[in-house]
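This report is for a reader meeting the structure for the first time. It goes through selected features one after another.

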Amino acid sequence: VVLHPDKHKEPERKAAAESRFRDVQRAYEILTDRERRAVYDYFGEEGLKSSWTVSLRGRTPSEMQAEFERESRRRQAADAESLVKSRGDFTATIDATALFASSDKLAKRRRAMGVATFSDRLGLVGCTQLVGRHGFETQVTNSTAVNFSGQMVSRNGLGNGNLVGTVKTHWSPRLFTELTATLLRPQIITGKGQYTLDQNTFFTWQSTLQTLSVPPSFNVTYGQRLSTTSTLTGFTSVKSGTYSIGPWGRVVSPATLLRREPATVSVGITKQVGDGKGWTCQTSISIMDQSISLDWGTKVLGGIKVRTGFNLGTASGFGAFTNAERRLTENVRLGLGLTCGRGVSLRVKVNRLGQKIVLPILISPDFAPDLILLFTLIPAVSMTALHHLVLKPRKRKRVSDKLANLRKENMEMIRERRRAALEAREVLRDQAIKRASQEISKRGLVIIEAYYGKKEDFPPPRQGSTSELLNVWEVERQEAHFVNETCWDVKIPLQSLVTSSQLVVPGGRSKSNILGFHDPVIGERKHLLIRYLFRGLPHEALLEDSAPLAAPLRGELRWTIRFNSVPNLTPPPSSFLPLTDHQL
């Protein structure tokens, strides 16, 4: 009602009310129309702006969503044809032990006497294995994808290659399977999948057939969530290893390259709390080895994924590893890792747009504490220096430039929204002053200050007695406002929303969409600061942009009742009391 043009006599406010009233009328027409409301609920403003008709009479929401997706695919067809969705993986295993070997051991390899120079050591560094894979994946149906790739392996001067095809199928939200087969010799078939019984229980399996002369091996894992309040999960894994069924698998031709493995049972627990964060503890038992392993991962320096762990076994001995991965640019990631046990190996990985290069570098064939310390400190110091001296300043500059370009490109839109917010504030002024007067008369909820925008630029709280603080609404009649480019005065819009001494703003979306608000720092993080009086006592609330607001709080109501019921109780000081988002 307050937005109706007939409620305003001044020409400027009347024109502003007409503009806002048209927006409200359009919103009402959309929300009261069943088809258009369904389009808006599913696709927002973009769905309403479409030049084609997605909402036909009698169509269900699922049918409209399918039509919308088909139209989106048609509009992107030309771009999709020009994209190459391929994946490549290149691994080169390098033997660099000559660089760090002692002179005695190096002399045996050189078969020469004398002190080896750096050039001599560098000449002994070589590649012991090369593995290259490259392929592409295409979506056949909504639930099936096909991957086709080629791979080549070269080891100590001998090589081989193969073609590999994979079919991935999502049979249902619970069942996923993947079938992989090589097309050339050696012909290997692998099938794996996962089935989710419910939100707390799952099964995974994998079966591999290396040759027809041996039964396929299999690995089955059962997982059960152990806590309803966290992701703590227990799992049991059974690996068959190499076995025989009667005569099948008992005798294998010497020409068949077959790696025999023992049956293994593993039991463990894991807790993954986010991307790269979590831990896993596992124990494994087989005829040849009994071992326990532990690994833990976290994030440091604003995004470096670090994972470290160890393994201790009766036959495998002791082994430990540490890996770190960091995003260098938008599309490039760099990973460094160190593995030690019977030897020491450094692992370098570079990943860019699905193309991956991995360099496992053997540093020492024996356990060498000095090399472990050296190659742990150097990557750690390098990563830290790279983060603070290069990546962090570059990211800060990139974000700053991006925000500047975003504001420059949308300058007209920002000005229009600011003008619309000014008009809405003028339209709401009389109603806000009226409601503030009503709240003052009954000692209800009176907003003293409210700002929306960049938290660091919010002004300090007003000082003074209760009557001096309430005087802001007398000043408001003279149209005085706090002016700042990075935060917006929203005292009038919020006071106009106060009903029966209560203010409720739902969460889940940006508050810049509220009538009388606008986004003063587009692209940046925003907060809402509100300082108000309730029953004559000052309060303050600071909220994130999408957080809900409910004032007064229950604690404030209880304090008010207690204060009013005890005449000699001293009230709290007149300074504003900060409240956390959790208390809200």
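## Salt bridges

Glutamate 412 and arginine 415 form a salt bridge through their side chains, at 3.6 Å from N to O. The model in which this pair appears is a predicted one. Helix 8, residues 411–441, holds both glutamate 412 and arginine 415. They are three residues apart there, which is about one turn of the helix. Glutamate 412 and arginine 415 are both exposed.

Side chains of opposite charge can pair when their charged atoms come close. The whole structure contains 21 salt bridges. Three of them are listed here.

| Salt bridge | Closest N to O distance |
|---|---|
| Glutamate 412 and arginine 415 | 3.6 Å |
| Aspartate 89 and lysine 356 | 3.9 Å |
| Aspartate 519 and lysine 526 | 3.3 Å |

The salt bridge between aspartate 89 and lysine 356 has an N to O distance of 3.9 Å. This pair links distant parts of the chain, with 267 residues from one partner to the other. Aspartate 89 belongs to strand 1 (residues 86–95), and lysine 356 belongs to strand 17 (residues 355–364). Is aspartate 89 buried or exposed? Aspartate 89 counts as buried because its relative accessible area is 18%, under the 20% limit. Lysine 356, with a relative accessible area of 27%, is partly exposed.

Lysine 526 pairs with aspartate 519. The relative accessibility of lysine 526 is 9%, so this residue counts as buried. Elsewhere, a network of salt bridges links Glu449, Arg462, Arg531 and Glu540.

## Strands 4, 5 and 6

Strand 5 (residues 175–182) pairs with strand 4 (residues 158–170) in the antiparallel sense, over seven bridges. The two strands form a hairpin, and four residues lie between them. Strand 5 is also joined to strand 6 (residues 189–198) by seven bridges, again in an antiparallel arrangement. The hairpin from strand 5 to strand 6 passes through six residues.

Threonine 177 in strand 5 illustrates both pairings. Threonine 177 is the bridge partner of threonine 169, and it also stands opposite glycine 193 in strand 6.

## A nonpolar surface patch

Which strand gives the largest share of the nonpolar patch? Strand 8 does, with three residues. The patch covers about 750 Å² of surface. Its members are Tyr195, Leu197, Phe203, Trp205, Phe218, Val220, Tyr222, Val238, Val265 and Val267. At least two residues come from each of strand 6, strand 7 (201–209), strand 8 (217–225) and strand 10 (264–274).

Valine 267 is part of strand 10. Its relative accessibility is 43%, so valine 267 counts as partly exposed; the range for that class runs from 20% to 50%.

## Cysteines

How many disulfides does a search of the whole structure find? The search finds zero. Cysteine 127 is partly exposed, at 43% relative accessibility. Cysteine 487 has a relative accessible area of 1% and is buried.

## The chain as a whole

The protein chain contains twelve helices and 23 strands. Of its 584 residues, 33% are buried. Among the chain's contacts between residues at least 6 apart in sequence, 46% join residues at least 24 apart. The accessible surface of the chain is about 35,800 Å², and carbon and sulfur atoms account for 57% of that surface.

Terms used
Residues numbered from 1 in each chain as written. Predicted model: local features only at pLDDT ≥ 70, side-chain atom pairs only at ≥ 80, totals over all residues. Heavy atoms only, no water. Pairing = 2+ DSSP bridges. Disulfide = S-S within 2.5 Å. Buried < 20%, exposed > 50% of the residue type's maximum accessible area, 1.4 Å probe, protein only. Patch = residues over 30% accessible without salt bridge, like charges linked within 9 Å, V, L, I, M, F, W, Y side chains within 5 Å. Areas by Shrake-Rupley, 256 points an atom, 1.4 Å probe, with all protein chains shown as cover. Salt bridge = Lys/Arg side-chain N within 4 Å of Asp/Glu carboxyl O. Contact = heavy atoms within 4.5 Å.
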